[in-house]
Amino acid sequence: MKFFKTYISGKLMLSALIGLGLLSSCEKDGNPNNLPDVNPADYEGKIDGYTSSDEIFPRNLVAYWSFDDTKNEVKSNTAPTQTSNDSFVDGGVRGKAISLNSGYLYYATQINAFKSDSLKSFTLSQWIKITNNGSKRTMIFQIARPGIFNGSLDFRLNTQSFPATNTTTLRMNPRFTTVGGGSQDNLNNTLSPTIGADKWTHLVLKYETTTGVFNMWADGVNVGSFNNRGVGNNLFRSYEPGEIIIGGNYNTIPGKTIGTDASFANMVGQIDEIRVYNRALPDAHIRALYNLGKANK
């Protein structure tokens, strides 16, 4: 009886404490961590959670070409040393774009963001308007090495593979120079974006130095066929001194020719929103850059 009276007394006391608000009942709580309520208004006008491409890993954005009435690399304010057959045009992905009519932009200044110790993992994102040409390859971005034909990083397009009438297949063949002095590359054997003189296409290179994985993306899809490039002596290295060439290579720039290779021609097309990050962006953020660009954000 003593146990029964104690149990009843305790039960009454517990009920009284709950009634006074000093204890809560044992009903299941749907928000055990007391997280704030989600306000749908906070996401209005956003794409993948962002209002602008500028919000994607801003602290890791180390080089940027907006081409909004400037050819300078915006982060360092580095101006091109030499340009040819280039002009600003309206209708860019955001604002204006640069149009190249068998042209190029050449930056002989060493930009700190591309020094060996600064660029190990990276993501290179850019938008282009281009067609195949059936005769010459196109270099859309190169971290060039003075006096050497191949750069530390060559974003090559095999525009020679198909005639201009083919807008369903663009062969991408980026390569980089390794710490051991060799070369690694990738190719999209099976997947391809559509292209065209009036279509903006989003191309991305993504490299992770801890794994040696070298991905390439096109219009929000991972299209590479040979992504695992190895570690050790196969890792990427950004050699010094380094120069930047957009739309060409040394053999398409008068006075800079190295050897007799004539497989490249200066670019015919448009480029906009070149962004270089010093990390391999998560896949969701590469898709976000694509989706934001489609919305001119």
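Me: Over residues 22–27, under what value does pLDDT stay, and how many contacts beyond four places in sequence does the model have there?

Reply: This is a predicted model, so start with confidence. Over residues 22–27, pLDDT stays under 50, and the model has 6 contacts beyond four places in sequence for them. Residues 1–18 also stay under 50, with 6 such contacts.

Me: Where in the chain is confidence lowest, and where is it highest?

Reply: It is lowest in helix α1, residues 2–19, at a mean pLDDT of 42. Strand β12, residues 243–246, is highest, at 99. The chain averages 90, and 85% of its residues score at least 70.

Me: How many helices and strands does the chain have?

Reply: There are 2 helices and 13 strands. Next, look at contacts along the sequence. Among those joining residues at least 6 apart, 69% link residues at least 24 apart. Of the 297 residues, 45% are buried.

Me: How do I read a nonpolar core, and which residues have the most contacts inside the largest one?

Reply: In soluble globular proteins, nonpolar side chains tend to be buried together. Here the largest nonpolar core has 41 residues. Trp65, Phe114, Phe141 and Ile246 have the most contacts inside it.

Me: Which residues does isoleucine 246 contact, leaving aside neighbours within four places in sequence?

Reply: Its partners include Trp65 and Phe141. Phe67, Leu100, Tyr104, Leu105 and Tyr107 are also among them. So are Met139, Ile140, Ile271 and Ile274. Apart from this core lies another, of 12 residues, including Tyr64, Val204, Leu281 and Leu292.

Me: How many cavities of 30 Å³ or more does the structure hold?

Reply: Rolling a probe the size of a water molecule over the atoms shows where empty space is left. This structure holds 2 such cavities. The largest has a volume of about 60 Å³. The second largest has about 30 Å³ of space.

Me: Which residues line the largest cavity?

Reply: Ser53, Val93, Arg94, Ser125, Trp127, His202, Glu273, Arg275, Leu289, Gly293 and Lys297 line it. By class, that is 3 nonpolar, 4 polar and 4 charged residues. Strand β4 (122–130), strand β13 (267–277) and helix α2 (283–294) each supply at least two of them.

Me: What classes of residue line the second largest cavity?

Reply: Its lining has 8 nonpolar residues, no polar and no charged. They are Phe114, Leu119, Phe122, Leu124, Phe141, Ile143, Leu153 and Val276. Strands β4 and β5 (138–145) each give two or more residues to this lining. Phe114 and Phe141 appear again here, having been named for their contacts in the largest core.

Me: Is serine 53 buried or exposed?

Reply: Serine 53 has a relative accessible area of 5%, so it is buried. The cut-off for buried is under 20%. Serine 53 sits in the loop between α1 and β1 (61–65). Beyond four places in sequence, it touches Arg94, Arg275, Tyr277, Leu289, Leu292, Gly293 and Lys297.

Me: Why does serine 116 count as buried?

Reply: Serine 116 counts as buried because its relative accessibility is 7%. Its place is in the loop between β3 (97–107) and β4. Beyond four places in sequence, serine 116 touches Arg237, Ser238, Tyr239 and Glu240.

Me: How far apart are serine 116 and arginine 237, in sequence and in space?

Reply: They are 121 residues apart in sequence. In space, C-alpha to C-alpha, they are 6.3 Å apart.

How values were computed: Residues are numbered from 1 along each chain as its sequence is written. This is a predicted model: local features need pLDDT of at least 70, side-chain atom pairs count only at pLDDT 80 or more; totals for chains, interfaces and linings use all residues. Side-chain values use heavy atoms; hydrogens and water are left out. A nonpolar core is a set of buried Ala, Val, Leu, Ile, Met, Phe, Trp, Tyr and Cys residues joined through side-chain atoms within 4.5 Å. Buried means under 20% relative accessible area, exposed over 50%, partly exposed in between (1.4 Å probe, protein chains only). Contact means heavy atoms within 4.5 Å. On a 1 Å grid over the protein atoms alone, a cavity is a set of points where a 1.4 Å probe fits but cannot get out, and a pocket is an open set with protein on both sides within 12 Å along at least five of seven lines; lining residues have an atom within 4 Å of a point. Grid points are joined across faces, edges and corners, and a volume is the space filled by probe spheres set on the points. Helices (H or I, at least four residues) and strands (E, at least two) are DSSP runs, numbered from the N terminus. Ala, Val, Leu, Ile, Met, Phe, Trp, Tyr, Cys and Pro count as nonpolar, Asp, Glu, Lys and Arg as charged, and the others, Gly among them, as polar. pLDDT is the predictor's confidence in each residue, from 0 to 100.
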